[in-house]
Amino acid sequence: MASMQRVIFQLDYYASGQFSGLFTALARGGFAARGLDVVVKAPTAPGDEAAAVVAMQLAEPTALVLGSCEQSALIAHTSDDIVAISAIFPRSPLALLTLSSDVELRRVGAHIDTIEVLRATLPGVNIEELERSDETGRYEALATGALDAIQVYHTTEPLAFGGGVSRPLCATAEGSVGSLDLGYAEAVFGHADTVKKHEAAARAFLDALFEGFEQASLDPIAAGEAIAAFGDDDKIFGAVGRDAHSHAACTARCAPGAAVMSLGHRRGSAIDVKRWEAADAALLQALGKSGGWAATRVLPLGPSGDAPAKTLTPPFELDGHGLARSLRADARLRAAVFASNAGRKPQLAIVRVGDCEKVQGGSKRAATYGTHPERGVESWFEKRRLLEADGIQVLDYSLPQGASAATILAAVRSASTHHAVDAVLIDRPLLTDRRTAIFTSLPELSALGATTDSGDEDLAVLCFSKDVDGEAGAVDSAASAPITVECALRFLVRRNLVESGAATAWARYLTQTDEDLESLRFNGASCVVLGRSRKVGEP
């Protein structure tokens, strides 16, 4: 039996979704299948990542020691004994968290290892040191006005703070307030001579790492659970600890960027050497180090010879299950935060008429769109189970199949005005005793004569802020678009970013504004829609 190659991986930050590919590959045996025995080391002091990797490599010459950190942090290492071989994310997630988007920046709090970078990026702003592990103290300084902004990584920390506006600092990110391209994020590097000696193992490590990120992007909930369950050394966990909800939500935000880099790796290299060198040169000049420090050497490694040169999900297949689980991961954390603040779980009321599996074609649809855990597919017919698994209580308004429109509207009104109900879903199909078909929006009830004594006022019985499916939107144009349509648009944005590697804010697909969605252009595009509904039409 062939011996396993020992690989030590040095974290630069606590275990979280930004390393979801690493922990997913460990949990699923991706490294072991390639003959690698991977050991994860707790994060070292900020700025010491390169020195720690070199010291460990010299102490264990038969092992391959790799680490990761921001490209901008590597230039602080004055020796030329390290080499960058890849990167996990296309740009730095370094950002400023402010309470509003128009605040004037005078005093900004930052980690010790990014103070110089921020001073170069934000000239004239007073940059003060903050302890990165003191999340409560940092946010209090922002909330009380002691600081105008605090440094965060927009894929992770805003989740913990639960408020504020995240403004990116990397100049290649959309809406950046910074003046520099801070280069790649979580650059993977090692001792130069040892990497060359163990190049095959380094390539195999990257293959498994990026495969892990592809799997994590398809199922961030499982990735969060893998992170939370890892090992027995709590030193690798920060303030979030083993909170699977937080790790899953972080994974969901990191997934698009990692997917972009995974495609680059499969096509030859995740790193563009020219961009790396340009970012290094600009950083060195801005930091005043160009006379003494040197740029980091780069040895971009692609896949092993036997690695498949294809994406995990073909680009022509619009499979939305991964995005759906990303949204669920985000919802799980929001539900947990809500419960902590409100003292109760969020509650969804479902107005259900009859048994949807007994209507025409219902049983066939239930079988076709059933839950398939092995593929990460979950069924619309299992809403209660999925919602309760996500920390959301369900209140059922179950009505008989022959319920009149007036009865249905009364149930909707009751749910909408219930003080402990936070959202309302009108389950479909809704059958009446007048042979009317499925009504997916309240105006259709009126159009078919299904009104009550109070007439058109019943069209507003569903509170817009509690409307899950956008039923009220057809009555009031100011209401938000149906969530099914919004989800489809977000999916298209994410697919575009992943396939093109576009230099836009890749972590924003979960928090897009109306303006972001309206910027999508479909002129000249071809699309095949499988299925039909009153939401997307009947092609």
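Okay, one definition to start: a residue is buried if its relative accessible area is under 20%, exposed if it is over 50%, and partly exposed in between. Take R6: at 30% relative accessibility, R6 falls in between, so we call it partly exposed. And keep in mind that what you see here is a predicted model.

Let's stay with R6 for a moment. What does the side chain of R6 meet in a salt bridge? The partner is E60, and the N to O distance is 2.9 Å. R6 belongs to strand β1, while E60 is in the loop between α2 (49-59) and β3, so you have a link between distant parts of the chain, 54 residues apart. E60 is partly exposed too, with a relative accessible area of 26%.

The structure holds 18 salt bridges, and I'll show you a few others. D148 and R106 form one, with their closest N and O atoms 3.5 Å apart. Again this joins distant parts of the chain: D148 is in the loop between α5 (135-143) and β8 (149-153), and R106 is in the loop between β5 (94-98) and β6 (107-110), 42 residues apart. Buried or partly exposed: what is D148? Its relative accessibility is 11%, so D148 counts as buried. R106, on the other hand, is partly exposed at 47%.

Then there is R242, whose side chain meets that of D234 in a salt bridge of 2.9 Å, N to O. R242 has a relative accessible area of 31%, so put it down as partly exposed. There is also a network: R352, R384, E388 and D396 are joined by salt bridges that share partners.

Right, on to the rings. How many aromatic pairs does a search of the whole structure find? Six. One of them is F23 with F230, an edge-to-face pair, 4.9 Å centre to centre with 65 degrees between the planes. You'll find F23 in helix α1 (residues 20-28) and F230 in the loop between α9 (220-228) and α10 (244-266), 207 residues apart. F23 is buried, with a relative accessible area of just 1%, whereas F230 is partly exposed at 24%.

Now compare Y184 and W276. Why do we call this pair stacked? The ring centres are 5.9 Å apart and the planes are at 25 degrees, and stacked means planes under 30 degrees apart, so the pair fits. Y184 is in the loop between β9 (165-168) and β10 (185-191), and W276 is in helix α11 (residues 273-286), so the pair ties together parts 92 residues apart in sequence. Both residues are buried. Y184 has another partner to look at: the charged end of R275 sits over its ring, 4.5 Å from the centre. Elsewhere, F9, F31 and F205 make up one aromatic cluster.

Last stop, the sheet. It is open, with six strands in the order β2-β1-β3-β10-β4-β11, and the pairing is mixed. Which strands are at the edges? Those are β2 (36-41) and β11 (297-298), each pairing on one side only. Strand β4 (residues 82-89) and β11 run parallel and are joined by two bridges, and V83 stands opposite R297 in β11. Packed on this sheet is helix α8 (residues 199-218), which touches β1 (5-10), β2, β3 (64-69), β4 and β10. The direction of α8 makes about 15 degrees with that of β4.

That's my tour, thanks!

Note on methods: Residues are numbered from 1 along each chain as its sequence is written. This is a predicted model: local features need pLDDT of at least 70, side-chain atom pairs count only at pLDDT 80 or more; totals for chains, interfaces and linings use all residues. Side-chain values use heavy atoms; hydrogens and water are left out. Rings of Phe, Tyr and Trp (its six-membered ring) pair if their centres lie within 6.5 Å; planes under 30 degrees apart count as stacked, over 60 as edge-to-face and the rest as tilted. Helices (H or I, at least four residues) and strands (E, at least two) are DSSP runs, numbered from the N terminus. Buried means under 20% relative accessible area, exposed over 50%, partly exposed in between (1.4 Å probe, protein chains only). A charge sits over a ring if NZ of Lys or CZ of Arg is within 6 Å of the ring centre and within 35 degrees of the ring normal. Two strands pair if DSSP finds at least two bridges between them. Contact means heavy atoms within 4.5 Å. Axes are lines fitted to C-alpha atoms, for helices over the stretch in contact, and angles run from 0 to 180 degrees between N-to-C directions. A salt bridge is a side-chain nitrogen of Lys or Arg within 4 Å of a carboxyl oxygen of Asp or Glu.
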